Amino acid sequence: MPRSSQLLHPQRDPVVPRPAATVLLLRDTPAGIEVLMTRRSLTASFAPGAFVFPGGAIDAADHAAYAHTQASRRPGQDDGRLTQAIAAVRESFEELGVLLARRADGQWADAEDAARLDRHAPLLPQCAAQGLRLAADQVYVLAHWTTDRDLPKRFDVPFLVARMPEGQQPVADEAEQFEPCWVRPADALARHAAGQFEIIFPTIRTLERLQAYATVDAVLAACASEKPLWTSCPRAGFLAGAEARYMEHESAFGELAMVCPDGQLLHALDWRHDQPTALLRNVQRLTCGNPGVMTGPGTNSYLVGDAASGYIAIDPGPLDEAHLDRLFAAAGGDIRIIVCTHSHADHSPGASPLAERVERAGRPRPPVLGLASRPTARPASQFTPDREMVDGERLVLQGDGVTHTLKAVFTPGHAANHVCLVLEEDALLFSGDHVLNGSTTVVDPPDGDMGHYLASLDKLAAACAEFGIAFILPAHGYVLGDAPGAIARLKAHRLAREAKVLKAMRAIPAGSMRDWVAIAYDDVPQKMWPVAERSMLAHVEHIRQAGLV
């Protein structure tokens, strides 16, 4: 993890989340699933005025042994899940008068049973007196959410699901909840998009995923494992001046985790080509104004170091004068070393002109380091550094008692001369084009080699283990979190793609690349197939080298 001394913002302790439970009551209709939602009070301390699923904090009574004896339990439903289900049943009754319970004969409680109970009195003693048992065994876990770290009131809450009992009608308590309504997930999302139905982030994401199910039975079957289908504690930043929230699998999450680890709502996620973006005190990102299909928002150049130590510039980018001017200015002209991760045209052409800028300003000319382009490189990717790096060598900056050490890790695959860099003190991986955020890198023979690419992923995984790397700073896209997991998922994706390529080759042994790409990349838009063919050729060569066809 980055050193605390290099974090941009003062550390703080987020509010400790309070255990809670919420339940999605579902019913089938000819038009699909509907879910019961209700509007919170406009004076509520959390999500005022928003439409939510019924639920609330878990009370001490929900944990009690007496409560557990008054609730039905299914095999595999442990004490924690039972407590959550009891809390959800209680809250749905208190807030909406919906009673998930059975009579002694096993029949479901109906509206008359519910009407005999006082919603303002403890539920369990009343149920016992009426011969009712809570149907906690029919309440399943769908997801688990923890409220975002930036919010002043936080909950640790499973989102549970249950079928709405027949013959009962929801009636709001008119204190905490108002306007109960049945709504299809797609309709709720459409009304929210139109500004007519206020819902908060976890509700939005839950409704989005609920759209995939055609029936209540399908939802309950998906939840049979007793494990949540997803777990999330979102993070927030600013995009176009407005708050934007992200789950763990979304592209901006890792950057927010690195820059604002304690959930501070301070980081802007807009792609700016006119100014640097501070990621840590000793790391700045400057994104070149060359966005496109292959470059995403643009090529990321990085400055590592500080005013006392001077800076190492990583990937100065293409020959873009305005971009080079901004790099020079962001470093105060004090660039000590320039490193190119590889020789592609959006990474290395700016290196020598940037060094010349430094020299013209009266400072020593910084050496341009990297690996020379190999004979397999295309004409546009020719590159000769001032000095070739050595695998494992360290570049060290020091100033005011602070050290910044970049270790070179040779990673051929995307290009034969590709190098990644590890910032040792802060456990960061600068991945160049080997690992990207938002897409998989093209491996284009002859300079690209799939066998080398996969082996280099293993090498990066080993570096993550050695240095405890949690974050990857790619040449295109936001910072990636969960570095070991990101690398493992990338390798799994590549191997799965290779399996599809092998299947296509065996299905059409005499086929052309065009024949095979239609099978192996059937999940990719057809307009991208010409680009996909370049990586597919690398897979084909790797398969043939392995003797699989």
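**Close-up views of a predicted model**

**View 1. Val422, a residue tucked away in a strand.** At 0% relative accessibility, Val422 counts as buried. This is a predicted model, and here we're looking at strand S22 (residues 419-423), where Val422 sits. Who surrounds Val422? Skipping the neighbours within four places in sequence, the contacts are Thr405, Leu406, Lys407, Val409, Leu428, Leu429, Ala463, Phe467 and Ile469. For a sense of scale, look across to Pro276: its C-alpha atom is 21 Å from that of Val422, and the two residues are 146 apart along the chain.

**View 2. Glu94 and Arg90 pair up within helix H3.** Side chains of opposite charge can pair when their charged atoms come close. In this salt bridge between Glu94 and Arg90, the closest N and O atoms are 3.3 Å apart. Both partners belong to helix H3 (residues 79-96), with 4 residues, or about one turn of the helix, between them. Is each partner buried or exposed, or something in between? Glu94 is partly exposed at 26% relative accessible area, while Arg90 is buried at 8%. The pair also belongs to a bigger picture: a network of salt bridges links Asp59, Asp62, Arg90, Glu91 and Glu94. Over the whole structure, the search turns up 40 salt bridges.

**View 3. Arg357 and Asp325 bridge two helices.** An N to O distance of 2.9 Å marks the salt bridge between the side chains of Arg357 and Asp325. This one links distant parts of the chain, with Arg357 in helix H11 (residues 351-360) and Asp325 in helix H10 (residues 321-330), 32 residues apart. Arg357 counts as buried, at 12% relative accessibility. Asp325, at 41%, counts as partly exposed.

**View 4. Asp444 and Arg378 join two loops.** The closest N and O atoms of this salt bridge between Asp444 and Arg378 are 3.0 Å apart. Asp444 comes from the loop between strand S23 (428-432) and helix H12 (450-467), and Arg378 from the loop between strand S18 (368-370) and strand S19 (387-388), so the bridge ties together parts that are 66 residues apart in sequence. Asp444 is buried at 13% relative accessibility, whereas Arg378 is partly exposed at 44%. While you're here, have a look at Pro445 and Pro446, which are joined by a cis peptide bond with omega at about 10°. Pro446 lies in the loop between S23 and H12.

**View 5. Helices H13 and H14 cross.** The axes of helix H13 (residues 483-507) and helix H14 (residues 513-520) come within 8 Å and cross at roughly 130°. That angle falls outside the ranges for parallel, antiparallel and perpendicular, so H13 and H14 are oblique to each other. The crossing of H13 past H14 is right-handed. On the H13 side, Arg497, Lys500, Val501, Ala504 and Met505 meet Trp516, Ile519 and Ala520 of H14. Sorted by type, the residues of this contact are 6 nonpolar, no polar and 2 charged.

**View 6. Glu226 and Ala240, each with a positive phi.** Most residues other than glycine have a negative phi. Glu226 goes the other way, with phi near 75°. Glu226 sits in the loop between helix H8 (216-222) and strand S10 (230-232), and is buried at 15% relative accessible area. Ala240 has a positive phi too, near 55°. Look for Ala240 in the loop between strand S11 (235-239) and strand S12 (242-246), where Ala240 is exposed at 69%.

Key:
Residues numbered from 1 in each chain as written. Predicted model: local features only at pLDDT ≥ 70, side-chain atom pairs only at ≥ 80, totals over all residues. Heavy atoms only, no water. Salt bridge = Lys/Arg side-chain N within 4 Å of Asp/Glu carboxyl O. Buried < 20%, exposed > 50% of the residue type's maximum accessible area, 1.4 Å probe, protein only. Contact = heavy atoms within 4.5 Å. Axes fitted to C-alpha atoms, helices over the stretch in contact; angles between N-to-C directions. Parallel < 35°, antiparallel > 145°, perpendicular 65-115°, else oblique. Left-handed = near helix turned anticlockwise from the far one by under 90°. Nonpolar A, V, L, I, M, F, W, Y, C, P; charged D, E, K, R; others polar.
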